[in-house]
Amino acid sequence: MKHEVVESDITVVGGGLAGVCAAVAAARLGQSVSLVQNRPVLGGNSSSEVRVWVCGATAHGTHRYARETGIMGEMFIENQFRNIDGNPYIWDLVVLETVLAEPNIRLFLNTDVHEAEADGDGENRTIRSVTGWMMGSERKIRFESKLFLDCTGDGLIGFMAGAKYRIGREARHEYNEDWAPLAADDITLGSTLLFYTKDAGHPVKYVPPRFAKDIAQTTIPMKRVIRSGDNGCAYWWIEWGGELDTVHDNERIRDELWSVIYGIWDYIKNSGKFDADNMTLEWVGALPGKREYRRFVGDYVLNQNDIVAQRLFDDRVAFGGWSIDLHPPQGVYSTESGSKHMHMDGNYHIPFRSLYSVNVANLLFAGRNISATHVAFGTTRVMATCAIMGEAAGTGAALCVQKGVTPRELHARHMRELQQVLLRQDASVLGLRNEDPDDLARAAAAIASSTLTRLAVEHSAETFPLASDVGLLVPVEPALDGLELLIDAAADTELAAELWSTGRPENYVPHTLQASAAVKVAKGEKQWVRLNLSWQPDTAQNAFIVIKANASVAIHVSGRPLTGVLCFQKGAEPLAAKELENHRLEQPVVQWSMRRFVRRPFCFRVTSPTEAFAPAKAIDGYHRPYGGPHMWSSAEMADGRPEWLELSWPRPVAVRTVQVTFNDDVNEDLINLHHHWTPFEVIPELARDYRIEAYAGGLWTTVAEGRSNYKRRRIHNLDGSVVTDRLRLVIESTNGGSRAEVVEIRAYEK
C-alpha cells in the first residue's frame, strides 16, 4: 500500500459533468487542480456506465436559443462532430479528452474519497484535506488544497466536512412554493437503471432470471408506455427508491430496478404483444442513476418562485430552462403520470450565492447538490445545467485562489469581475454585457464587406395548412413597418395577424399585444400578401407575430433557415404520452412549439430594413441572443467571395490575442446520446476557413488563420505583439451556411 499527499490549488471531487467543467474552468485560469472520480470513467450519469442523455435549458426544444455554451457547449459541439450517432463510449472519450487537454489538471480515476479533515465550529468551518482510496492500485491519497468543490452529486464531501444540508421536501409555507407538500418530509426523487436492445437479425429466445418481476401483475403495463425497439433513455421512468434513502438503500434499489428491467424485457419478448422475435438485450445498467440526495445550504436557497418569475439575480452566473420536473415517490409503480412539469416562459437565472456553503468557508459545489429547494432542484438537476454551474463554481474557485479570498468575499467584493471572466470564457450567462477593460475591441469601430439588412425568406419547399395559429419571431431594430407572407388560398378569405412583444429579452413567447392587421385575400396560389403591421419599440427587441388560423389558407415554408428568425405552431401535440409526462398545456412555451419548423421558416418579407445584424453587433458586448440576435451577419456569400469584418482604432494598438466567437446556432438542440438525431456533423452557420489580417505599412498581412473549423470559439495567440490600427477577420467559407456570421470578436494586448 502506498500513502501519498497531493497538493493543488483546488480539489474537485466528483467527475460528472459538473465536476469536469469545474476542473477545466479552474485549470484554464491557471490554477492547479486535482480532479477525483470514484468511477473508471468520467461523465457521471451521462457516462457509458449509466447512459442518461444530457438535458439542459433547451428542454428538448421547448426553449429557444437555449443551448449551453462554454465548456459544456464545447463538448456538445465536439460530440456532434465525432459522434453523430450517439455512441456512449465515444461520448466518454469526448469528456475524457476535454480534461486531458488541460495540463493544470491531475486526474485521479477509481479514487473513492471517504475522509475529510475540517476544523472550526458549526458556523464557520474550513476543509483542510480529503482522503481517498484508489481501487486496484492500493494507493491511499490525501488531497490538500485551498479550495474544495463538492461535485459528488450525493454531497458526500460537504457532509463529512460539516456543511449544512437538506434532504427531502420542504413544507409549502417555508418558501411559499405551491408545488411543495403541506408538511416537510424526507421523500426524494428515485433512481433509474436503463437498458439497450438491438435487432440480432435472427430469432433470439429469452429466458428471464428467477428474480425478474412479472410486470403483468403490477400497474406498470397500464400506466407506462412500453414498446419494443425503443432507445435506452425512453425508459427513464424505470425509477424507484424515492421513499427510501437513495444512498444507504442503493443496493436494494438496484436489485428492485433489475427485477423490473428483466421483467419488462420478458413482457416484451414473451407476451406476444410485440414484434420482438429478433430483438435481444445488448446492455443493462448496473449502476443506478441517482436523481436526488443532499442539497447544501448556501447564502441563498433557490426556490420555485425564483424559477417561475425568472428572477434576474445581480450575481447570476448560469441559467437553466428545463421545466420543474418532479416524479411520484412510488416511481415505476405509481398510478400517476411518470412526471409532472411546470415550465417558465423562458430561461431562468442561477445566483453565485447558491454555489457555495453558508458555513464551510472554502467549499463550493455544483450539480444536483446546490443550494435549492426540492421543487427548484426539479429543474436545476439536469446535467447540462449542472455542468454550467460547475463552470461557474470552478471559475469562482480560481478567482478565490488568485485573490486569497473566500467565495463569500468574492461575491461581496469581486462579483462583477467573476461575471466578466465567465463572459470572456463564453460561459452560459444571460443578459450580461462585456465590460472587460482589457478588451481592445470595445474601443474600436466596426465595418464590414456587407451586412444583412433585409429580413426575407422567399424560397418555398412546402406548404403548411393554417389549421391552427402559427407564430413568426423576427428582430425589430429600429422598427417594423409591414410584413408580407407567401400563401395559398383555397377561397376568397381574410387573413389576420397580431404583433406581440415577448415581455423579457430572454423570452420568445407572445406577451403584450402591440398591433394587429387583417387583409382580404383572393383565391389563388403562391401569392404574396401584405399585412400592415407596424411597431417601433423603445429598444431593439423581438416581435412575435401571430398569424391566425384560417381553414382556407396554407402558408409556404422554406428549407432555408435565416438566423434570428423562428417559427412556431400553436397547440402542437406533445412528444410524450400523458402516461409518461404531464405537461401544463396552457403554459406559453408549451402552447407554442417550434419543433415542426426548426430550420424551416415560413416564407416572408419584412418590408422595412433592419439594423439587427450591423457590424457593431460583434462588439456590442453580448455573446448570445438576448432580445435580438447580437451578431454581425453578412449578406449572402456569392461566387466564393470572402466576407470580412473590420475593427479600427483612432491610433495604433498592440494586439497579441484575438478571440472570435462564431455563430453555432444555440437554438439547435444537440444531444450526446440518442434522444434525437441531428443531420449534420457541424453547425452549418459556423465559419469553416478564415484568416485574421492586420494592416501595417500600407499592406494587409495575415497574422492567424483557421482551416476546417467546426468550433464556436477560437483563440488565436499571435506570434509576438502586432501593432496596427486596423484588424480584419476574413471569412472565406462556412460549413454550409449562406452568410458569414460572427457573434463576438475580442482583442487583447496579452
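Reader: Where does proline 478 lie?

Author: In this predicted model, proline 478 sits in the loop that runs between strand S23 (470-476) and strand S24 (480-489).

Reader: What makes the peptide bond from glutamate 477 to proline 478 cis?

Author: Its omega is near 0 degrees, and the bond is therefore called cis. Most peptide bonds are trans.

Reader: What is notable about the phi of glutamate 138?

Author: Glutamate 138 is not a glycine, yet its phi is positive, at about 50 degrees. Most residues other than glycine have a negative phi. Glutamate 138 belongs to the loop between strand S6 (124-134) and strand S7 (139-144).

Reader: Why is glutamate 138 called partly exposed?

Author: Its relative accessibility is 47%. Buried requires under 20% and exposed requires over 50%. The value of 47% meets neither condition, so glutamate 138 counts as partly exposed.

Reader: Which value of phi does aspartate 426 have, and where is aspartate 426 found?

Author: Aspartate 426, a residue other than glycine, has a positive phi near 65 degrees. Aspartate 426 is in the loop between helix H11 (407-424) and strand S20 (445-448).

Reader: Why is aspartate 426 called buried or exposed?

Author: The relative accessible area of aspartate 426 is 5%. The cut-off for buried is under 20%, so aspartate 426 is buried.

Reader: How many disulfides does the structure hold?

Author: The structure holds 0 disulfides.

Reader: Why does cysteine 151 form no bond with cysteine 386?

Author: The cysteine sulfur closest to that of cysteine 151 is in cysteine 386, at 9.3 Å. A disulfide needs the two sulfur atoms within 2.5 Å, so 9.3 Å is too far for a bond. Cysteine 151 also counts as buried, because its relative accessibility is 7% and the cut-off is under 20%.

Reader: What about cysteine 567?

Author: Its sulfur is 9.4 Å from the closest cysteine sulfur, in cysteine 603. Against the limit of 2.5 Å, this is too far for a bond. With 2% relative accessibility, cysteine 567 counts as buried.

Reader: Which residues touch the most other members of the largest nonpolar core?

Author: Met72 and Met75 do, in a core of 128 residues. Helix H10 (residues 383-403) supplies the largest share of this core, 13 residues. A second, separate core has 42 residues, among them Val476, Leu499, Ile545 and Val606.

Reader: What does methionine 75 touch?

Author: Leaving aside residues up to four places away in sequence, methionine 75 touches Leu17, Val20, Cys21, Trp91, Val94, Val95 and Thr98.

Notes:
Residues are numbered from 1 along each chain as its sequence is written. This is a predicted model: local features need pLDDT of at least 70, side-chain atom pairs count only at pLDDT 80 or more; totals for chains, interfaces and linings use all residues. Side-chain values use heavy atoms; hydrogens and water are left out. A nonpolar core is a set of buried Ala, Val, Leu, Ile, Met, Phe, Trp, Tyr and Cys residues joined through side-chain atoms within 4.5 Å. Buried means under 20% relative accessible area, exposed over 50%, partly exposed in between (1.4 Å probe, protein chains only). Helices (H or I, at least four residues) and strands (E, at least two) are DSSP runs, numbered from the N terminus. Contact means heavy atoms within 4.5 Å.
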